[in-house]
Amino acid sequence: MGLSRPGLWLKRLWVFLQVAMHVAVGKVFLILFPERVKQQVLAMNQKNPHFSYDNWLPTFYGMQYFWFVLKVRWQRLEDRTEPGGLAPNCPVVQLSGQRCNIWDFMQGNRPLVLNFGSCTPSFLFKFDQFKRLVEDFCSTADFLIIYIEEAHASG
């Protein structure tokens, strides 16, 4: 089975501790070995000609840096899944306009089948097959269609 909700919180706690340690060690190194840190940071950003160490230095290893890295790492935990595991808890908007998350549609231990698509011919032609799948398995699973805006849409 996949990662449970308590398992996700344990992973979040672990990531919190990792990021806190990273920031603390980085701050100490920045104080004790400023030139070495500068060399390392510049080496990591050789490909970006607009990167200026003097502009970025104040942002490294501060509270804002900590919260940003933590937020990104937590989002990455939810962006991955394993077969049979929980889907990422992405925000969605219902047809009524109400905002919620995918996990809001989960009901107990029932599987939630996600179908991602847009109003393209290939999606619409297969819609009858999806309806039959829903009819056949609605007693054991829940189904959710998530509309993806077309990349080529205009107007």
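The legends below describe several close-up views of a predicted model.

**View 1. The whole chain, shown as an ordered series of helices and strands.** The secondary structure of this predicted chain comes to six helices and four strands, and the elements follow one another from the N terminus in the order α-α-α-α-β-β-β-α-α-β. Of the 155 residues in the chain, 24% count as buried, while the accessible surface comes to about 12,000 Å², with 61% of that area belonging to carbon and sulfur atoms. When contacts between residues at least 6 apart in sequence are considered, 58% of them join residues at least 24 apart.

**View 2. The largest pocket and the residues that line it.** The largest pocket holds about 490 Å³ of space, and its lining is made up of 18 residues, of which Val41, Met44, Phe60, Tyr61 and Tyr65 lie nearest the centre. Helices α1 (5-32), α2 (34-44) and α4 (63-79) each supply at least two residues of this lining, and α2 gives the most, with five residues. Sorted by class, the lining comprises eleven nonpolar, six polar and one charged residues.

**View 3. Tyrosine 61, one of the residues nearest the centre of the largest pocket.** Tyrosine 61 lies in the loop between α3 (53-56) and α4, and its phi is near 65 degrees, a positive value in a residue other than glycine. Most residues other than glycine have a negative phi. Tyrosine 61 has a relative accessible area of 15%, and because the cut-off for a buried residue is under 20%, tyrosine 61 counts as buried.

**View 4. Lysine 38 in helix α2, shown together with aspartate 54.** Lysine 38 lies in helix α2, the helix that gives the most residues to the lining of the largest pocket. At 28% relative accessibility, lysine 38 counts as partly exposed. The C-alpha atoms of lysine 38 and aspartate 54 are separated by 9.5 Å, the two residues being 16 residues apart along the chain. A search of the whole structure finds one salt bridge, and that salt bridge is formed by the side chains of aspartate 142 and arginine 110, which are the subject of the next view.

**View 5. The salt bridge between aspartate 142 and arginine 110.** The side chains of aspartate 142 and arginine 110 meet at 3.0 Å, taken from N to O. Aspartate 142 lies in strand β4 (residues 142-147), whereas arginine 110 lies in the loop between β2 (99-101) and β3 (112-117), so the pair ties together parts of the chain that are 32 residues apart in sequence. The two partners are covered to unlike degrees: aspartate 142 is buried, with a relative accessible area of 15%, whereas arginine 110, at 27% relative accessibility, counts as partly exposed.

**View 6. Asparagine 115 in strand β3 and the residues it touches.** Asparagine 115 lies in strand β3 and is buried, with a relative accessible area of 17%. When residues up to four places away in sequence are not counted, asparagine 115 touches Phe123, Phe130, Leu144, Ile145 and Ile146. Strand β4, which spans residues 142-147, thus also appears in this view, because Leu144, Ile145 and Ile146 are among the residues touched by asparagine 115.

Methods. Residues are numbered from 1 along each chain as its sequence is written. This is a predicted model: local features need pLDDT of at least 70, side-chain atom pairs count only at pLDDT 80 or more; totals for chains, interfaces and linings use all residues. Side-chain values use heavy atoms; hydrogens and water are left out. On a 1 Å grid over the protein atoms alone, a cavity is a set of points where a 1.4 Å probe fits but cannot get out, and a pocket is an open set with protein on both sides within 12 Å along at least five of seven lines; lining residues have an atom within 4 Å of a point. Grid points are joined across faces, edges and corners, and a volume is the space filled by probe spheres set on the points. Ala, Val, Leu, Ile, Met, Phe, Trp, Tyr, Cys and Pro count as nonpolar, Asp, Glu, Lys and Arg as charged, and the others, Gly among them, as polar. A salt bridge is a side-chain nitrogen of Lys or Arg within 4 Å of a carboxyl oxygen of Asp or Glu. Buried means under 20% relative accessible area, exposed over 50%, partly exposed in between (1.4 Å probe, protein chains only). Contact means heavy atoms within 4.5 Å. Accessible areas come from the Shrake-Rupley method with a 1.4 Å probe; for residues, only the protein chains shown count as cover.
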